[in-house]
Structures are given as structure tokens and as C-alpha cells.
Amino acid sequence: MNMKRTPRHILTAILVGCGLAAAAPLVQSCSDDELRPESVITVDQQVYTPFDYWLQRNYVAPYNIRFKYRYEDNESDKDYYTVPSRYDDAVVLAHLVKYLCIEAYDEVGGIDFTRAYFPKLIFTIGEWEYKNNGTYILGTAEGGRKILLSGTNYLSLYLKNADDLNTYYLKTIHHEFTHILNQTKDYPADFQMITGTDYVADKWSESPFDTGYLQRGFISAYAQHSDKEDFAELLSMYVCNPADRWSTWLREAGSEGAHILTAKMEIVKSYMLSTFNIDLDQLRSSVQRRQKQVVSGYVDLTSLE
């Protein structure tokens, strides 16, 4: 598939496989990075940094979650060219994941929910995982235990804009976490039946499926891939965007598309509430409040105290 470029060569975010994929203006060069071997690559005699101790206090002790920022070959997909996350960018990403995702679920579902269901391993790499169809992978979920987050070294480009943070990083986590919850307990079969004959698998990114998807009852082009991706896209886009954005999408979808989207969303909400006691409207409110605080600069994303 050819990537769709704007006049500024900023590429439209899309989804690939079980992970988000996108293309962004790549204005940083990894060849110019000052990588610290002791802090970004796992070695036999590892030197512990202030970040390691911060992760022990903020991830391992309260949640039993490992946040791996050092490059490990066995955690990486050898089908892609990858590089380590830069130390300073990994620090910021760890703060973002904790504040905007983990603690948002704590606030709504309680810390016992987060401890029980949030994946126990988050692995970061510095570069996106580029595919041969012109897209690249933002993240994946594996076996209910691991989330991969890529492109860490571009994080500084997007810190001041909530939409960008969501597109390239945070929506990935909510999307992949939804897959993990679905693996724990499947959603009702009724969801699959609403647009059961309209899923198009890998053709979702091709014409005519790359446009007009709202009118067909899909929240994104990638939601047309399968019912599993449809479900994860609905939940992640619902909580990562303000309420008026959802209302705008429904208006753009027209009467038929809005009817389909509303029917699907009702099942998503009911599933999360009845199965996990998570109110998606409360979760969205928590995520949106926290996003505004981050983008406004009220949250210290670098402290290791």
C-alpha cells in the first residue's frame, strides 16, 4: 500500500496487525544520538541508574510490572530494524504510561484491577517497526503479558499535543490492553453480528475501504479488519478523545452509521462495566483530565525522586 502524504509529508495514522501503525515526520537521526551503553543495552554486569530505582518504586513494587527500556534482543522482533530507546525519552514515556494509563485505571477500577489485569511487561524501542507496505507499527500486545511500545526516540516531537500523544503512544496502550482484557474474558457474540459480513481483513487500507468507514459503522479504517480490532478501536478511541469528538464522529457517520456505532459502543460499555466494573465514561473523564494536565506542563515527566 502506498502511504498517503499531505503536502507537508506528514503521514496519516493507520493501524496494522494487532498494533497501531503510523508514519510521522522523521526529523531526528539515531546516528546523532549519544546512546549510553550502560543504560540502554542489557549487559551481563548491569549498571543500575536512578531510573532503575524509580521503576522499582513506581512499577515493580506497586504493580509487579517491569518497564524494560534497555535493548534486549530476545524481546525484539528480528523481522524489523530496531534501536534502543534513549534514556531520557524512556524516562518521559514511563511517566506518561503511569500517569495517563495505569493510574487512570486505578482511579476508576481500583488498584486491584490494575494489578490483576495490566500486562506485566512493557518493552520499549527507539524506532518504529517499519513494514514493507509503507506503514510502521506503533505497538503490539503479546499473549496477555507484554506490550511493545516503539518510536520512543520521537516522543519529544509530540509532548505538547494531546492528539499526537494519543495517536503515536497512548491510544496504542489502551488498544492493546483491550486485547488483553478480551483474552481474559471474551466479549458477547452479539458484537460480531452487528457488522459481521462487512469486515475486510487486510483490505482495510485499500480503496474503497480507506474512506467512508464512519458511514459504514466503523470508528476507523482499521476497525474494518476484524471484530477484535473493531472492539479495541472503539474502546481506545472513545477514552482517548473528548466527549465532543465522539459526538462529531456520530454526526459525520450519518443516521445509519451512527446507529451502528452506537449499538457497538453500548456493548463495549456494558462488557467493561459488567465484566470488570469499569465505567468507560468515568475512564474517559480521568484520561482527558490527565491529558490536559500533561500537555499544559503541570506534570513533571522527568523527576526520578
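The following paragraphs describe the fold, selected helices, a buried strand and the salt bridges of a predicted model.

The model is a prediction in which local features require a pLDDT of at least 70 and side-chain atom pairs count only at pLDDT 80 or more, whereas totals for chains, interfaces and linings use all residues. Residues are numbered from 1 along each chain as its sequence is written, and side-chain values rest on heavy atoms, with hydrogens and water left out.

The secondary structure of the protein chain comprises nine helices and eight strands; helices (H or I, at least four residues) and strands (E, at least two) are DSSP runs numbered from the N terminus. Of the 305 residues in the chain, 53% are buried, where buried denotes under 20% relative accessible area, exposed over 50%, and partly exposed the range in between (1.4 Å probe, protein chains only). Among contacts (heavy atoms within 4.5 Å) with a separation of 6 or more, 75% are between residues 24 or more positions apart.

Phe51, in helix H2 (residues 50-63), illustrates such an environment. Its relative accessibility is 0%, and Phe51 therefore counts as buried. When residues up to four places away in sequence are not counted, Phe51 touches Phe67, Tyr69, Tyr87, Ala90, Val91, Ala94 and Leu304. For Phe51 and Ala90, the C-alpha atoms are 9.1 Å apart in space, while the two residues are 39 apart in sequence.

Strand E8 (residues 146-149) is covered on both faces, with Lys146 and Leu148 buried on one side and Ile147 and Leu149 buried on the other. E8 pairs with strand E4 (residues 121-124) in the parallel sense over four bridges, pairing being assigned if DSSP finds at least two bridges between two strands. Within this pairing, Leu149 of E8 is the bridge partner of Thr124.

Helices H8 and H9 were examined for their geometry. The expected span of a helix is taken as 1.5 Å times one less than its number of residues. H8 has 34 residues, yet its end C-alpha atoms are only 22 Å apart, short of the 50 Å that a straight helix would reach. A bend of about 130 degrees occurs in H8 at Gly254; the bend at a residue is the angle between axes fitted to the seven residues ending there and the seven starting there. Asn277 follows H8 and has a positive phi, near 60 degrees.

H9 (residues 280-295) has 16 residues and spans 22 Å from its first C-alpha to its last, close to the expected 22 Å. At the N-terminal end of H9, Asp279 acts as a cap, with a side-chain oxygen 2.9 Å from the backbone nitrogen of Asp281. Buried positions in H9 are Leu280, Leu283, Arg284, Ser286, Val287, Gln288, Arg290, Gln291 and Val294. These buried residues pack against helices H3 (87-109), H5 (162-184), H7 (227-240) and H8 (243-276). Just after H9, Gly297 adopts a positive phi of about 85 degrees.

Charged side chains were then considered. Side chains of opposite charge can pair when their charged atoms come close. With a salt bridge defined as a side-chain nitrogen of Lys or Arg within 4 Å of a carboxyl oxygen of Asp or Glu, the count comes to 12. Arg115 and Asp112 form one such bridge, their closest N and O atoms being 3.7 Å apart. Both residues lie in helix H4 (residues 111-117), three residues apart, or about one turn of the helix. Arg115 is partly exposed, with a relative accessible area of 37%, and Asp112 is exposed at 56%.

A salt bridge is also formed by the side chains of Asp163 and Arg245 (3.4 Å, N to O). This pair links distant parts of the chain, with Asp163 in H5 and Arg245 in H8, 82 residues apart. Both partners are partly exposed, Asp163 with a relative accessible area of 35% and Arg245 with 27%.

Asp281 and Lys269 form a further salt bridge, with 3.3 Å between the closest N and O atoms. Asp281 belongs to H9 and Lys269 to H8, so the pair ties together parts that are 12 residues apart in sequence. Asp281 is partly exposed at 30% relative accessible area, and Lys269 is partly exposed at 27%. Finally, Lys98, Glu103, Glu107, Arg289 and Arg290 are joined into one network by salt bridges that share partners.

Conventions:
A polar contact is a pair of N or O atoms within 3.5 Å; within protein, one must be able to donate a hydrogen and the other to accept it, and residues adjacent in sequence count only if both atoms are side-chain atoms.
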